Each structure stands twice: as C-alpha cells, then as structure tokens.
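Visitor: I should be grateful for a close look at the surroundings of the ligand. Please continue from there to the backbone and to one of the sheets.

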Amino acid sequence: MAGFVERNARKEIFRLKPYVPGKPIEEVKRELGVEDVIKMASNENPLGASPRAREAIQAMLDDLHIYPDSNCYYLKQKLAAKYEYGAENFIIGNGSDELLRLIAETFISPEDQVIFGHPSFAEYEFMTMIMGGGCQAVKLADFKYDLPAIQAAITESTKIVYICNPNNPTGTIVSRQEIEDFMAGLRDDVLVVFDEAYYEYVADPLYQSGLEYLERGHNVIVLRTFSKIYGLAALRIGYGITTPEIAEAVNRVREPFNVNSLAQAAAAAALDDTEHLKRSRELNQQGKEYLYQEFEKMGLSYVPTETNFIFVDTGRDCQEVFQQLLPQGVIVRTGDIFGYPTSIRVTIGSQTENQRFIENLKRILED
Ligand SMILES: *Cc1c(COP(=O)(O)O)cnc(C)c1O
C-alpha cells in the first residue's frame, strides 16, 4: 500500500523541484567552523539597509502586539506619489515571491500555459506548477531573453509571459526595441509580468521598464522589490504596479495580513533615502568595474551585467569552486542549477568582499 502522502496529496506537489536558496552564513559557520563568512550568493546590498529604515523599525517596537495594516495604506500612498499612479494600481506582497504566487493563484488553471526564459528566476515555474499549469521554458540567446522565440512559442493556451528584466542569473536586459516588437505582436489576453527586481541598478540607456506598457493600457504587472538595492531582504516586502482591475483581482487571493508592520514602515522610510540608493548604485558600479578587470586579467569570460551580480565562467567544475571557496568563508551561487556547470553567479559586494573573493578565486584556479 502506497504511503499516506502519495495517496492523498495533490499530484502537482510531486512534480515540484525545491528552490535552491543561497547557502546561509550561519550554516557555513556551523558546518565548517569558519568565523568570518561573506555571502555573495543572494544579491543582497553590502551596505545593508538605509539608516532611515532602521529608525522606522525602532519606532514600531512598541506596537508589535498590533496587527499590521492589511491595506498597506501609508506605503501605497508613498509609492503612488513616487510613481504618479493611484494607490489602486499597487499590490504589496511578502516579497515579490509572494506576488508571483498570488498572480499564479489568480490566473493559472491546469489547462493554462505560461512562458519564461531559461535560465531565469525559478519561481515562475514553481508557482505555475503548484497551480497545476503547464510551463514552457524558452532558452536564452547569448545569455539574453529571446523575445522572438518566446513570441513563436505562444499558443492558444498561453496565459502569462514572464519577462525577467534584467534577468537573473545572467544580469542581461532586453532592449526597448525588442520589447516594443514583442508587445506589438502580442495577443491582448496574454498577461505580461515584468519582473524588475534589479531595476534600480540598470545603467544601459537601451533599457525600458514594463511600466511604459501599463501607461499605454496593456495588461501588464511590473514587479519591484525592497530586497535588493533597498537592503531589506530579511523583512520580505515587494510590490507590483498594474491596472486597478488586476490589482483588485490579485487582492482577492491575498491573506489579510500578508505584509508585516516592520516591513511596511521600513519600506516607506527607505523610499525617502535617495542618498542611500545613490551610494548603493555607486558602490555597485565600482565593484563591477573591479571584478570585470580582475576577471579579464584571469582570462575568465563573464556576462556584462546590469545588476548587482555577475555570471562568470570559471572554466572549472562550479561545484568544486563553490566547495573550495566555502572554507575561505566566501559563499557564491553555482551555475549548474541553471545549466552552466562551469559558471558561478557572484554578487557584487563591498570592495573588501570583492577583493577577498578574487584572491581566493585566483588561488583556487591556479591549483
Ligand atoms: C530576488 C528576486 C526576486 C524576489 O525578491 P523578494 O522580493 O525578496 O521575494 C524576484 N525576482 C527576481 C528576479 C529576483 O532575483
């Protein structure tokens, strides 16, 4: 007789591949006895959170016994002012991960298909599979989202197209013209979700946000997060900008208290700290140039990035490189899970972190 779960659980759960998160700092300390560990695996901001966000959290500590504002009223007001949209255009989630789940719960039935690039952010597939929908992964071309190929893959049953722009794990963007051509040929009942988690890092003038298409009346959702440049990953908060109609629908499946009070307060305060944003961007730019230079000296090929991480080919088994960096207290992400067995994805850190990573990588590759 088959086990209880096998007989009773929804069949969809057996097809799920668990998400592989960046290895936690505490785990490396525990398992390897290393004291000083740096994580360059999850694209967190090496400067940490804005001091204003920390103050906002301090100010909330007397109210921990009060439920959060279900509607995130104050944060939505701030976002509405920043973007010059109405509060009704926003959905706030417990990380943009939660928004991806809510979007799937709102729109995906078992007969539906979604399309995304590969390799790209794993959650598009995960959330679709949970809902029993079908997935089509379209290979990147030259490490970039291949929008013509995605266009060609669209069928009658295509419900959602996810465009990760810039793309994680490759750091590349699709250009304004590429998106223009894609959107022009798109059936108007296909929802396009632009995942712009690294939007604030982009420097390329050819970039265009999906917001452009919201303005032009398309059915799109633009996702942004406080986890990356805003340095609030631990709090779990992200937002979507979309039509009031879509926002209202997604709200129906949302838990009433999905975003905690500390996250709401910290996010609102972080939005005001343009200085912190600017410093984070500058530090990233310096780190990027340093790492490019060092990779070039080492003869390693890398994908030029519009984000705070770099996909670099070490020419060695990435698991070996990963395992040899760990005892040195450096955590990176391996490329094998993305289909690139000799590449790693490294987050651009502080100058000291970048140097420490490079020194150790050099030593490993010289062996
Ligand atoms: C980090 C990341 C997210 C998730 O962000 P959270 O707001 O922390 O859930 C979403 N999309 C991409 C592409 C990411 O890299």
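Guide: The account that follows begins with the ligand site and then turns to the backbone and a sheet. The model is predicted, and this applies to each value given below.

The ligand occupies the space of the largest pocket. Around the ligand stand 13 residues, of which Asp-195, Tyr-198, Thr-225, Ser-227 and Lys-228 come nearest. In character, this shell comprises four nonpolar, five polar and four charged residues. As to secondary structure, the largest contribution to the shell comes from helix α5, spanning residues 95–107, which supplies three residues.

Three of the side chains named above may be described atom by atom. In Asp-195, an N or O atom of the side chain lies 2.6 Å from a nitrogen atom of the ligand. Tyr-198 places a polar side-chain atom 2.6 Å from an oxygen atom of the ligand. For Thr-225, the separation between an N or O atom of the side chain and an oxygen atom of the ligand is 2.5 Å. The ligand taken alone exposes 380 Å², and the protein buries 94% of that area.

The backbone shows several points that deserve inspection, each of them in a loop. The peptide bond leading from His-118 to Pro-119 is cis, with omega near 0°. Pro-119 belongs to the loop that runs between strand β3 (113–118) and helix α6 (123–130). A cis peptide bond is also found from Asn-165 to Pro-166, where omega is near 0°. The loop holding Pro-166 lies between β5 (158–164) and α8 (176–184). Cys-72 draws attention through phi: the angle is near 50°, a positive value in a residue other than glycine. Its position is in the loop between helices α3 (51–60) and α4 (73–83).

The sheet remains to be described. Four strands make up an open sheet, ordered β9-β10-β13-β12, with antiparallel pairing. The edges are taken by β9 (301–303) and β12 (333–334); each has a single partner strand, and therefore one side of each is left without a neighbour in the sheet. The partner of β12 is β13, residues 343–347, and the two strands pair in the antiparallel sense over two bridges. At the level of residues, Arg-333 has Arg-345 in β13 as its bridge partner.

To return to the ligand, the close polar approaches described here include those of Asp-195 at 2.6 Å, Tyr-198 at 2.6 Å and Thr-225 at 2.5 Å.

How values were computed. Residues numbered from 1 in each chain as written. Predicted model: local features only at pLDDT ≥ 70, side-chain atom pairs only at ≥ 80, totals over all residues. Heavy atoms only, no water. Pairing = 2+ DSSP bridges. Near = heavy atom within 4 Å. Polar contact = N/O pair within 3.5 Å; in protein donor to acceptor, adjacent residues only side chain to side chain. Areas by Shrake-Rupley, 256 points an atom, 1.4 Å probe, with all protein chains shown as cover. 1 Å grid on protein atoms, 1.4 Å probe; cavity = no way out; pocket = protein on both sides within 12 Å on 5 of 7 lines; lining within 4 Å. Sits in = over half its atoms within 2 Å of the grid points. Nonpolar A, V, L, I, M, F, W, Y, C, P; charged D, E, K, R; others polar.
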